[in-house]
Amino acid sequence: MKESREGKKGAFVTITACVVLFFLVVPQIILLIQSFTAEDYLMFPPQAFGIRWYAFIFTDPEWREALGTSLIVASISTPVALLLGTMAALALDRGPPAGRKFLRGALLSPMLLPHVVLGMALYRVLLPIRLDDTIPGFVGAHLLLCVPYVVVTVGASLESFDRRFEEAAQSLGASPFSAFVHIVLPIIRPGIFAGAIFSFITSFDEFIVTYFLATRNFTIPIKIFSSLSYQLEPSIAAVSGLTLVLTAVLSGLLITRGGYGRTGQA
């Protein structure tokens with residue numbers, strides 16, 4: 001009787017997981033297949049396949065400029081967010097307990113606040129100093145969204161870090177800086193790597209906050225939205241497919257490197 005109930009429970013969990021996986025993955029697979037159409041319009045399944053629209057987005061000046069802007073902003077935001085987020089996580093982990101909960105809540109608040117509110121607030125701040133519609137303005141806005149992810153991932157690594165390793169290194173003559181570089185950083189490396197992946201994906205895919213700031217300089221999400229306002233071209237599916245592949249590769253790296261980090265730590 002007990003085995004029968006366990007079997008039914010396992011079947012229910014398996015069916016639920018398959019339904020959720022189907023709901024999440026199938027639309028992305030359909031979009032990816034449509035991105036390889038060789039025709040002038042979108043339909044599923046395509047009547048002819050090719051890389052025509054992928055070639056188009058790399059040769060069209062507007063798409064190429066938007067892709068370059070997104071890559072530049074994400075490439076600058078990611079290392080700066082790593083630096084700021086790691087310093088903030090260390091301060092929360094090793095700073096005085098008083099006010100720690102308040103500071104953690106303040107640092108993570110951009111993850112909880114509606115991005116429309118953040119976008120409007122940033123617009124009011126950056127417009128008077130003429131940083132709206134500029135790369136530095138986009139980077140500053142994206143940092144607001146990326147730093148909390150680094151605080152969370154590095155903070156989780158620091159919580160599981162055994163401080164006795166660092167204390168042992170210092171007792172053997174290592175300076176605090178040397179112990180941090182050679183002991184702490186390698187152990188919390190999976191958290192730092194995860195923070196980098198989340199930061200890059202967040203910056204590259206960000207739309208709402210950037211929409212408030214962009215006027216002439218478009219990122220890829222803004223360019224997709226702008227193109228959708230006129231017509232649904234296959235180039236949008238190609239850009240979306242490219243974004244899906246990039247996100248999948250980074251997610252695969254995150255899973256692979258996370259597994260490596262746990263193994264190395266063990």
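Are Phe-200 and Phe-204 buried or exposed? In this predicted model, Phe-200 is buried, and Phe-204 is buried too. That makes a handy way into the structure, and the two rings come up again further down, once the overall layout has been sketched.

Starting with the big picture, the protein chain has 12 helices and 0 strands. Read from the N terminus, then, the elements go α-α-α-α-α-α-α-α-α-α-α-α. The C-alpha trace spans about 70 × 70 × 30 Å along its principal axes. Out of 266 residues in the chain, 35% count as buried. As for contacts, take those between residues at least 6 apart in sequence: 71% of them join residues at least 24 apart.

Next comes the interior. In soluble globular proteins, nonpolar side chains tend to be buried together. Here the largest nonpolar core has 30 residues, and those touching the most other members are Ala-81, Val-154, Leu-158, Val-184, Ile-188 and Val-209. Two or more residues of this core come from each of α3 (61-94), α5 (115-126), α6 (135-159), α8, α9 (189-205) and α10 (208-213). Helix α6 gives the largest share, with 11 residues. Ala-81 itself is in contact with Thr-86, Leu-143, Cys-146, Val-147, Val-150 and Ser-199, once neighbours within four places in sequence are left aside. Another core, of 17 residues, lies apart from the largest one, and its members include Leu-67, Ala-74, Ile-197 and Ile-220.

One helix pair is worth a look of its own. The axes of α7 (residues 163-171) and α8 (residues 176-187) come within 9 Å, crossing at roughly 150°. This crossing is right-handed. On the α7 side, the contact is made by Phe-165, Glu-166, Ala-169 and Gln-170, while α8 brings in Pro-176, Ala-179, Ile-183, Val-184 and Ile-187. Sorted by type, the residues of this contact come to 7 nonpolar, 1 polar and 1 charged. Val-184 thus turns up in this contact as well as in the list of core residues with the most partners.

Then there are the aromatic rings. A pair of aromatic rings is described by the distance of the centres and the angle of the planes. The structure holds 7 such pairs. In one of them, Tyr-149 and Phe-198 are stacked, at 5.9 Å centre to centre and with 25° between the planes. Since Tyr-149 sits in helix α6 and Phe-198 in helix α9, the pair ties together parts that are 49 residues apart in sequence. Neither partner is buried: Tyr-149 counts as partly exposed because its relative accessibility is 29%, and Phe-198 counts as partly exposed at 34%.

Back to the two rings from the start: Phe-200 and Phe-204 also form a stacked aromatic pair, 6.1 Å centre to centre with 10° between the planes. These two residues are 4 apart in helix α9, so about one helical turn separates them. Elsewhere, ring pairs link Phe-207, Tyr-211 and Phe-225 into a cluster.

Helix α9 also contains Thr-202. With a relative accessibility of 18%, Thr-202 counts as buried, the cut-off being 20%. Its contacts, not counting residues up to four places away in sequence, are with Leu-145, Cys-146 and Tyr-149. Cys-146 also features among the contacts of Ala-81, and Tyr-149 is the ring that stacks with Phe-198.

Finally, a few spots in the backbone stand out. Most residues other than glycine have a negative phi, and most peptide bonds are trans. A cis peptide bond, however, joins Phe-44 and Pro-45, with omega at about -5°. Pro-45 belongs to the loop between α1 (2-34) and α2 (52-59). Positive phi values turn up in the loop between α5 and α6, where Arg-130 is located. Phi of Arg-130 is near 60°. Asp-133 is found in the loop between α5 and α6 as well, and its phi is near 60°. In accessibility, the two residues fall into opposite classes: Arg-130 is exposed, with a relative accessible area of 71%, whereas Asp-133 counts as buried at 6%.

How values were computed
Residues numbered from 1 in each chain as written. Predicted model: local features only at pLDDT ≥ 70, side-chain atom pairs only at ≥ 80, totals over all residues. Heavy atoms only, no water. Axes fitted to C-alpha atoms, helices over the stretch in contact; angles between N-to-C directions. Left-handed = near helix turned anticlockwise from the far one by under 90°. Contact = heavy atoms within 4.5 Å. Nonpolar A, V, L, I, M, F, W, Y, C, P; charged D, E, K, R; others polar. Core = buried A, V, L, I, M, F, W, Y, C linked by side-chain atoms within 4.5 Å. Buried < 20%, exposed > 50% of the residue type's maximum accessible area, 1.4 Å probe, protein only. Phe/Tyr/Trp six-rings, centres within 6.5 Å; stacked < 30°, edge-to-face > 60°.
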